[in-house]
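This report introduces a protein structure to a reader who has not met it before. Please keep the sequence and the three-dimensional view at hand while reading.

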Amino acid sequence: MIKQVVTFGEIMMRLSPPLNYRFAQASGLEITYGGGDANVGASLAGLGVPAAHVTCFPDNDLGRAAAQQFRALGVNMDATVYEGDRLGLYFLEVGAGMRPSKVVYDRANSAFANLDPARFNWDEILKDAGWLHWTGITPAISASTAEATRQAIAAARRLGLTVSADVNYRRNLWQYGHTAQSVMSELVQGCDVVVCSENDAEDLFGIVPEPGTDNKFVSVARQVMARFPQIKQVITTRRKTHSASHNGLKGVFYDGRQLLETVSHEINPIVDRIGGGDAFMAGFIYGSLAYEHPQQALNFGVAASALKHTIHGDVNLVTVAEVEEIMKGNTSGRLVR
């Protein structure tokens, strides 16, 4: 029996012009909800994995609407704290062809940014769970969200959970007086699995490929694992951007013994790439729980991410069977009757 996966982080309201309209053209904005960590939980719920998300919403209609959206996707929201004044927002203009997508954030002073870490009883929240997932966005928001993340990881370690993180370095978020390098180094020490590219490793940990190395990712992953011995697996994706509407995507994995890679999926046209990395993480977690070999988990993660690029919104609304068809190479998109 698969135990619950718990995610922790901010959920924002997403406001976006319809189709590929620019902000200046829009007479209305479509509302959806999403957040890096919550997207992982919702995607896992759709794959049949028990999932719970922990967050803080303002105690108003917008906070309750966001919670209801994720409940409707099958995510347990019972640990939600309702306090504070506002729900974070972000605005998305979806690009096409040579015109890139653009995101504008309006999340300062959100209820989540001002949360009280003491409101979360992590031993109780995690008592029936098997996995905790967080992203580097969460501790970047404020000192209090960083402290809550630290407490969650500490409880997960006490209880014997697997802990994963997408380190997801966002330079512009770190504005509260603590450096990403110092905060993330402490938090990553408690992780078993990390999504970490070569650029992230340099920005966060000062780790660069060793001179003359044959494989830069392997060199960086080895150094990350040597510095943080709890880490057992380092994964990331490789994206080739042909245009805003056409990307190639593959995954890589290293566990100290073997380097694994997937085939590259050509995604054309892209409907919505927001949440693609979250879909990859959710797929990898599912694959790690469902399959015997990490190659299968990696293949599932990348196939799930490729499918997410065809779906509007932050969350990957796909089934296991649909992802496994992509893994088999069935990518023609032929009508299913």
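## The end of helix H11

Gly329, just after H11, adopts a positive phi of about 95°. The model in which this is seen is a predicted one. Helix H11 itself spans residues 320-327, and Val320, Val323 and Ile326 are buried in this helix. These three residues lie on the same side of H11, because the arc they cover around the axis is only 120°. The cover over the buried residues of H11 includes strand S15 (265-267), helix H9 (276-290) and helix H10 (294-308).

## The annotated domain

According to its UniProt record, an unreviewed entry, residues 4-314 carry the feature "domain: Carbohydrate kinase PfkB". Over residues 4-314, helix accounts for 35% of the chain and strand for 24%. The end C-alpha atoms of this stretch are 21 Å apart.

## An open sheet of four strands

An open sheet is formed by four strands in the order S3-S2-S7-S8, with mixed pairing. Its edges are strand S3 (30-34) and strand S8 (102-106), each of which pairs on one side only. On average, and ignoring direction, neighbouring strands of the sheet are turned by 25° against each other.

Strand S2, residues 12-16, pairs with S3 in the antiparallel sense over five bridges. Within these strands, Arg14 stands opposite Thr32 in S3. Helix H2, residues 61-72, lies across S2 and S3 and runs at about 70° to S3.

## A cluster of aromatic rings

The structure contains twelve aromatic pairs. Two of the pairs that involve Phe8 are set out below.

| Pair | Centre to centre | Angle between planes | Class |
|---|---|---|---|
| Phe8 and Phe120 | 5.9 Å | 65° | edge-to-face |
| Phe8 and Trp122 | 5.1 Å | 80° | edge-to-face |

The pair of Phe8 and Phe120 links distant parts of the chain, 112 residues apart: Phe8 belongs to strand S1 (residues 4-8), whereas Phe120 is in the loop between S8 and helix H3 (122-125). The pair of Phe8 and Trp122 also links distant parts, with Trp122 in helix H3, 114 residues apart from Phe8 in strand S1.

Are these rings buried or exposed? Phe8 counts as buried because its relative accessibility is 1%, and Phe120, at 5% relative accessibility, counts as buried too. Trp122 is likewise buried. Ring pairs join Phe8, Phe112, Phe120 and Trp122 into a cluster.

Definitions and conventions
Residues numbered from 1 in each chain as written. Predicted model: local features only at pLDDT ≥ 70, side-chain atom pairs only at ≥ 80, totals over all residues. Heavy atoms only, no water. Pairing = 2+ DSSP bridges. Helix = DSSP H or I, 4+ residues; strand = E, 2+ residues; numbered from the N terminus. Axes fitted to C-alpha atoms, helices over the stretch in contact; angles between N-to-C directions. Contact = heavy atoms within 4.5 Å. UniProt positions renumbered as here; feature names shortened; annotations may be inferred. Buried < 20%, exposed > 50% of the residue type's maximum accessible area, 1.4 Å probe, protein only. Arc of directions from axis to C-beta. Phe/Tyr/Trp six-rings, centres within 6.5 Å; stacked < 30°, edge-to-face > 60°.
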